[in-house]
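The following exercises concern one protein chain and its ligand. Each task is followed by a solution in steps.

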Amino acid sequence: MDLHQGIAQDGKIPWDLPEDRQYFKEKTAGAVVLMGRGTYHTLTAPLPGRTNLVLTHKKRLRPGFIAVRDLVLVIESYPDLWIIGGADVYAQALPYCQELYITHVAGDYACDRFFPAYKSMFKSSRKQGIYFVYQQISKD
Ligand SMILES: NC(=O)c1ccc[n+]([C@@H]2O[C@H](COP(=O)([O-])OP(=O)(O)OC[C@H]3O[C@@H](n4cnc5c(N)ncnc54)[C@H](OP(=O)(O)O)[C@@H]3O)[C@@H](O)[C@H]2O)c1
């Protein structure tokens with residue numbers, strides 16, 4: 001997220017950080033990930049090596065994606081679920097999350113989609129990167 005908790009501009013992530021993509025890949029390898037239909041449309045293919053669930057009211061998606069329509073049921077069914085965006089899904093899922101993995105990108109990227117308010121709900125530990133900061137926070 002950027003300085004203002006922005007995560008997207010004009011339907012895209014407005015920065016290109018290969019190190020962050022690699023970090024995301026390592027963290028979610030082999031996992032079940034849940035995205036909203038908005039985020040699904042930004043992907044050209046399912047994320048490899050992961051179970052790709054898409055929260056949507058639609059029934060038909062491209063091969064490799066699984067449509068789900070009940071957020072709470074999905075969260076209860078997969079205790080190690082990774083919520084991977086976008087803004088709409090983050091906002092609904094946040095109250096159920098035990099940990100957040102946030103990459104803070106320096107700067108204002110004029111975003112039009114934002115991560116929800118989270119600071120009062122979580123404690124923080126940070127790892128400084130060269131261009132950005134990884135933050136892992138938990139409820140305990
Ligand atoms: N910077 C980052 O880390 C990051 C990460 C991920 C995504 N993004 C960006 O975020 C943007 C997309 O975010 P967004 O907020 O527009 O969309 P989104 O959260 O990805 O998806 C929203 C859609 O999900 C479905 N949905 C949401 N809640 C639902 C529910 N309770 N039950 C059933 N379906 C539900 C709806 O689609 P239906 O109409 O099909 O029901 C809704 O239109 C993209 O630009 C993407 O690039 C950024």
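Helices (H or I, at least four residues) and strands (E, at least two) are DSSP runs, numbered from the N terminus. The model is predicted: local features need pLDDT of at least 70, side-chain atom pairs count only at pLDDT 80 or more, and totals for chains, interfaces and linings use all residues. Residues are numbered from 1 along each chain as its sequence is written.

**Exercise 1. Overall fold**

Determine how many helices and strands the chain has, and the pattern that the chain follows along the sequence.

Step 1. The secondary structure comes to 4 helices and 9 strands.

Step 2. Read along the sequence, these elements give β-α-β-α-β-β-α-β-α-β-β-β-β.

Step 3. For overall dimensions, the C-alpha trace spans about 40 × 35 × 25 Å along its principal axes. The radius of gyration, taken over C-alpha atoms, is compared with a globule rule of 2.2 Å times the number of residues to the power 0.38. The chain has 15 Å, which agrees with the value near 14 Å for a compact globule of 140 residues.

Step 4. Two residues are in contact if their C-beta atoms, placed from the backbone, lie within 7 Å. Among contacts between residues at least 6 apart in sequence, 57% join residues at least 24 apart.

**Exercise 2. The parallel sheet**

State the order of the strands in the open sheet, and identify which strands stand at the edges.

Step 1. Two strands pair if DSSP finds at least two bridges between them. On this basis 4 strands form an open sheet in the order β4-β3-β2-β5, with parallel pairing.

Step 2. The edges are β4 (65–68) and β5 (82–83); each has a single partner strand, so one side of each is left without a neighbour in the sheet.

Step 3. Strand β2 (residues 32–36) pairs with strand β3 (residues 51–55) over 5 bridges. Within this pairing, leucine 34 has leucine 53 as its bridge partner, and methionine 35 stands opposite valine 54.

Step 4. On its other pairing, β3 joins β4 over 4 bridges, where valine 54 stands opposite alanine 67.

**Exercise 3. Burial and the nonpolar core**

Establish how many residues of β3 are buried, and which element gives the most to the largest nonpolar core.

Step 1. A residue is buried if 20 or more other C-beta atoms lie within 10 Å of its own, exposed if 12 or fewer, and partly exposed in between; C-beta atoms are placed from the backbone. Buried residues make up 21% of the 140 residues in the chain. In β3, 4 of the 5 residues are buried.

Step 2. A nonpolar core is a set of buried Ala, Val, Leu, Ile, Met, Phe, Trp, Tyr and Cys residues joined through C-beta atoms within 7 Å. The largest has 19 residues, of which Ile7, Leu34, Met35, Val54, Ile83, Val89 and Tyr90 touch the most other members.

Step 3. At least two residues of this core come from each of β1, β2, β3 and α4. The most, 4 residues, come from α4.

Step 4. Not counting residues up to four places away in sequence, valine 89 touches Leu34, Met35, Gly36, Leu55 and Ile83.

**Exercise 4. The ligand shell**

Find which residues are closest to the ligand, and which element supplies the largest share of its shell.

Step 1. A residue is near the ligand if its C-beta atom, placed from the backbone, lies within 6 Å of it. The shell holds 25 residues, with Gly36, Gly38, Gly85, Gly86 and Asp88 the closest.

Step 2. β1 (6–8), β2, α2 (37–40) and α4 (87–93) each supply at least two residues. The largest share, 4 residues, belongs to α4.

Step 3. By class, the shell divides into 9 nonpolar, 10 polar and 6 charged residues. Here Ala, Val, Leu, Ile, Met, Phe, Trp, Tyr, Cys and Pro count as nonpolar, Asp, Glu, Lys and Arg as charged, and the others, Gly among them, as polar.

**Exercise 5. Backbone exceptions and arginine 113**

Locate glycine 86, and decide whether aspartate 10 is buried or exposed.

Step 1. Most residues other than glycine have a negative phi, and most peptide bonds are trans.

Step 2. Glycine 86 lies in the loop between β5 and α4. The peptide bond from glycine 85 to glycine 86 is cis, with omega near 0 degrees.

Step 3. Aspartate 10, in the loop between β1 and α1 (18–28), has a positive phi of about 55 degrees. Aspartate 10 is exposed, because 9 other C-beta atoms lie within 10 Å.

Step 4. Arginine 113 and aspartate 10 are 103 residues apart in sequence and 8.6 Å apart in space, C-alpha to C-alpha. Arginine 113 is buried, with 20 other C-beta atoms within 10 Å.
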